[in-house]
Every structure is written in structure tokens, then in C-alpha cells.
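I opened this entry to keep a record of what I looked up, in the order in which I looked it up. Confidence, overall form and the contact between chains come after a first look at one pair of strands.

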Number of protein chains: 2
Amino acid sequence: MKENKPELYTSLSPAMLHLYDLNQAIVVVIDVLRATSTIATALHNGASCVIPVDSVERCISLGKLTGAITAGERDGRIAEGLQHGNSPFEYQRSFIENKTLVLTTTNGTRLLQMAVDNGAETIVTGSFPNLTAVTNHLIAQNKDVILACAAWKDRVNLEDALFAGAVIDGVMEHFNINCDASSMAHALFIQAKPDIYAFVKNKQASHYLRLSRYGLEKDIQYCLTPDIANILPVYTNGKLLVSTCATASGEHHLVDV
Amino acid sequence: MKENKPELYTSLSPAMLHLYDLNQAIVVVIDVLRATSTIATALHNGASCVIPVDSVERCISLGKLTGAITAGERDGRIAEGLQHGNSPFEYQRSFIENKTLVLTTTNGTRLLQMAVDNGAETIVTGSFPNLTAVTNHLIAQNKDVILACAAWKDRVNLEDALFAGAVIDGVMEHFNINCDASSMAHALFIQAKPDIYAFVKNKQASHYLRLSRYGLEKDIQYCLTPDIANILPVYTNGKLLVSTCATASGEHHLVDV
């Protein structure tokens, strides 16, 4: 029964997020290069939790208060006053295990806050490194879904749209999809599927160019590789936790925010 | 010299139009199903001019004042109080020649007003029926270009993005394009190019479904056919005129608005 399936929509930019009803849906926050890839990696490598914040100031003050690791970027580089950046390679298990990471980024953490402000009750983060964890969760939950791309300062970007398309490719049989942005994202992903990295490079995606100028080619390759940090970050009380932990509340020693 | 080429950007929705500097650019307003296809058709068939207005009330009052033909739609159907709709087939030469058409539509005329309000000085309208007139003009002018999709109530739509992609396909050698929305639109158009109508139908584009439900399949086919009303509508002093007329001002008997 097609009618009984939940709905799925794609918001290609935060500038369009207000068009969708976030309240009853699972909102998947997508910032492939690099915020949500780094979040998946840090949690996959044993971070207690990731606390996304929307300003460098708040990141620094929260770090001082709690002793957590503070990290973030603005315009693709480590933000002034922070010790660590937004590269997944900074968050190896030997460094991040059992630690709390406070993170602020140009687009991803801003979108997450925007989703909260727009009434989202269930937020997870998605990226190629945790693609299958996301699709499995969406299929299991059987709820409406909003794939929310972080884009770049509200301008649509290729890699987030491609990830939305990859999710759609994995879940489309389970949803009603009457949404042109979703059709477009999926059609693009089908083109890119044989070699996602080559597609992004060949299309000269604007954030690809920005990061590769900083010598971050390796980061880009990592962030476009499916399932290498395959956990599901769920946003709960201001923190991102690995899904299985999120349902077993009280078992973590988390800082208060 | 790549650096000397003008820039081209694509705004996939009116919700993103404010991100682009319209002032120095040629803004191409795109509402393929059906406003800009109908505008091209009416002018191609000899209409003196098309006056786009953003409300049904204004359309009716302007019609009373000037004796012009008033037409428009809301949500894909003829708007209450207006005699004519937004189908290109209503504007055959025998009906529209030497007449003024006052037109209001759900998305296209609203976007045109928004472009004016956002400081656009040079506005043309584009659709598949006048594709080559648009691309020839953009190549000849050698100015920055914003391809502005009307979308559907701010949600991205497939057919406007495909037209943006078709324009890009025709002009890309002449522009610097560092814009992911443009890359996406172009990649989609390349997929659709062998049979645009089949692509839109196959992807179950949302406005395709809306119009085909009203029995407007023939309109959709027409609106996706390149170069069958191949003139360039230019917006001048509140009116859309055929480009050659716009440069020979004073030769038309136009109503004052």
C-alpha cells in the first residue's frame, strides 16, 4: 500500500528548511565536507559525545567549563582560538576515546541549531562514512524524513545533495517521495555512484575546490567513502550520541550543557 | 583567458535569490510550467506586450483600466475573476496579435517582481520554447548571468532546473561557472537531453503530476519543446516586450502601468 508509507523530502539548503514540517519527522542533518563526517568518525572512535555549538565563543567557553576538547572551523580552516579543526583524521581512537568534543562549523552546526529552532524533535546526522547506519535507521523507524543539507552559506552544494541521493537510493522503496529536490538528488547520485570522488572532482564542486586548495584532498576522499565510521549519531539534550547509547540513557558520563 | 569571462549562477528557488548580486547581471526568470513558456508564446504570436503582475486583484483592475486581456492561474488552474488561464494554447496569433496581455501566476510573476525588488536591472524570461533566443542573447551580452528558477512555492522543481541546465549547456564555454547549483542543473540536463518530456514524466516531477491531473499533458509537452516560440522577452518599464522591440522604444502602443 503506497499510501501507508511515510513521506520523504529533501531540503537542499537551510534557506528552504522552513518549507518543511520538521516536528513529526526524523531530520537528517547533512554536512558531508566535513562536519557530519567528522562527527560520525569521532563517535565511531569512542568519543563520549559530540556537543555541536553555533559559535566559536560558545565553543571556547564550554571547553573551559568542562575540560572538553574544543574544535571547529570557519570557511574551511581551524577557527581562531580553537585547538582542533574539522578534519576526521584528527579524531583517531587514541586521541578521542572517552572524551567529549565540542564542535562548531560554518554550516553543519548552524543547521543543526536551526533544525532545533524549527521544531525538530528527532535529529540524526548523516554522511557517507555512516551512510548505512542512517538508511537502516530510517527504514526501521517508519516515520516521515527530512534530509536537510547544510550547503555552503545557504548556497546549494553538490556533496550534500549527493549524500541525500545516496540515502534515497537506499530507502526509496519504503517511502512516498513526491519531492523534486529528492528526485534531482537521486538522479545525481545515480550518475555519481560508480565513483563519487571522481564525480565531485570532475564537477569542480565549490567546496571541493576550497578544501583541495588547503591540501585537504585526503579529507575529501575519506568524507566521500561509504560506511567507514558506520554508527548513527542521535541528537539528545544538546549532545550527539551513538544511537544505541542514546536509547540506553544514563549510562554515559556526559557533561551538562 | 578564463578569468575574463563573466560569471554564471543558478538560483534553484526564489528562497535563494537574495544570495546573488542581481544588480549588474542579466537575470533570466524561469517558470517552464507554464508562465514563461506562455509569455514567449504570446509575444511570439504577436502580442504587443505582456504585463506581469503579482496579484489577481491587480490583474483585474489593470484589465478594466486598459481593456487588455487578463489572464492568470493559481495552483495550476484559471484564477477566479479572470477570463483566461496560463496555457500557451490560449494565445494563438488569431487571438493575441496586437493585444496586451496582463498575466498573474503562482510562481513566475511573483519571482519577476522579487527580482525587481532585489535590484535587478536587466530581466529576460526563459523557457524551452525560447531556449536558443536566451542562449544567443547571453553569449552576445557578455555580462554576468543569474538563472532564476521560479520553483513551486519556493520548493525546487525539476523542470526549471532542467531549463537552467539547458541554458548552461548552450553557453558554458563563454562563462566562469563556479556554482554547484549550476553543475547540478547541467548534469541533470545531460541525463534528460535525449528526451526531456520522458525524463520529467519518468521522474514524476511534482508539477508534472499536478498539471497532468488537470488533463494538461499537451501543455507540458509543448512547454518542454525547445525553440517553438523562439523570441526573447525583455522586461522594460513594467512590461515584457520582444527584445528587438525593446531596443526600438516608442514604436509600440503600450498601455501605461
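**Entry 1, a strand pair in chain B.** I began with strand β2 (residues 26–30) of chain B, which pairs with β7(B) in the parallel sense over five bridges. Within this pairing I found B:V28 standing opposite B:V124 of β7(B). I then asked how far strand β7 (residues 122–126) of chain B is enclosed by the rest of the structure. Four of its five residues are buried, so I noted β7 of chain B as largely enclosed.

**Entry 2, confidence.** I am working from a predicted model, so I looked up the predictor's own scores before going on. For the complex the predictor gives an ipTM of 0.90 and a pTM of 0.92. Chain A has a mean pLDDT of 91, with 94% of its residues at 70 or more. I marked residues 245–257 of chain A separately, since the pLDDT there is below 50, although the stretch has 19 contacts in the model beyond near neighbours in sequence. My note to myself is that coordinates predicted with low pLDDT should not be read in detail.

**Entry 3, chain A as a whole.** I counted 11 helices and 10 strands in chain A, and its C-alpha trace spans about 50 × 45 × 30 Å along the principal axes. The radius of gyration is 17 Å, which agrees with the value near 18 Å that a compact globule of 257 residues would have. Buried residues make up 58% of the 257 residues in chain A. Of the contacts in chain A between residues at least 6 apart in sequence, 78% join residues at least 24 apart.

**Entry 4, where the chains meet.** Here I looked up how many residues of chain A are in contact with chain B. The model has 23 residues of chain A in contact with 23 residues of chain B. On the side of chain A that touches chain B, the elements giving two or more residues are α6 (158–171) and α7 (180–192) of chain A, and α7(A) gives the most, with seven residues. I sorted the residues of this side of chain A into 13 nonpolar, six polar and four charged.

I next looked up how the copies are related, and found that a rotation of 180° with 0.0 Å of shift along its axis superposes chain A on chain B, with an RMSD of 0.0 Å. That is the relation of a two-fold axis, and in chain A the C-alpha nearest the axis is that of A:A15, at 3.1 Å from it. Since 100% of the interface residues of chain A are also interface residues in chain B, the copies meet through the same surface.

**Entry 5, backbone details.** I noted a cis peptide bond from A:L33 to A:R34, with omega near 5°, and placed A:R34 in the loop between β2 (26–30) and α1 (35–44) of chain A. In chain B the peptide bond from B:L33 to B:R34 is cis, with omega near 5°, and B:R34 lies in the loop between β2 and α1 (35–44) of chain B.

I also looked up positive phi values at residues that are not glycine. A:A151 has a phi of about 60° and is found in the loop between β8 (145–149) and α6 of chain A. B:N98 has a phi of about 65° and is placed in the loop between α3 (93–96) and β6 (100–104) of chain B. Which of the words buried and exposed fits A:A151? A:A151 is buried, because 29 other C-beta atoms lie within 10 Å, whereas B:N98 counts as exposed with 10 C-beta neighbours inside 10 Å.

Technical notes: Residues numbered from 1 in each chain as written. Chains lettered and ligands numbered in written order. Predicted model: local features only at pLDDT ≥ 70, side-chain atom pairs only at ≥ 80, totals over all residues. pLDDT = per-residue confidence, 0-100. Contact = placed C-beta atoms within 7 Å. Rg over C-alpha atoms; globule rule 2.2 N^0.38 Å. Buried ≥ 20, exposed ≤ 12 C-beta atoms within 10 Å, placed from the backbone. Nonpolar A, V, L, I, M, F, W, Y, C, P; charged D, E, K, R; others polar. Least-squares fit on C-alpha atoms with pLDDT ≥ 70 in both. Pairing = 2+ DSSP bridges.
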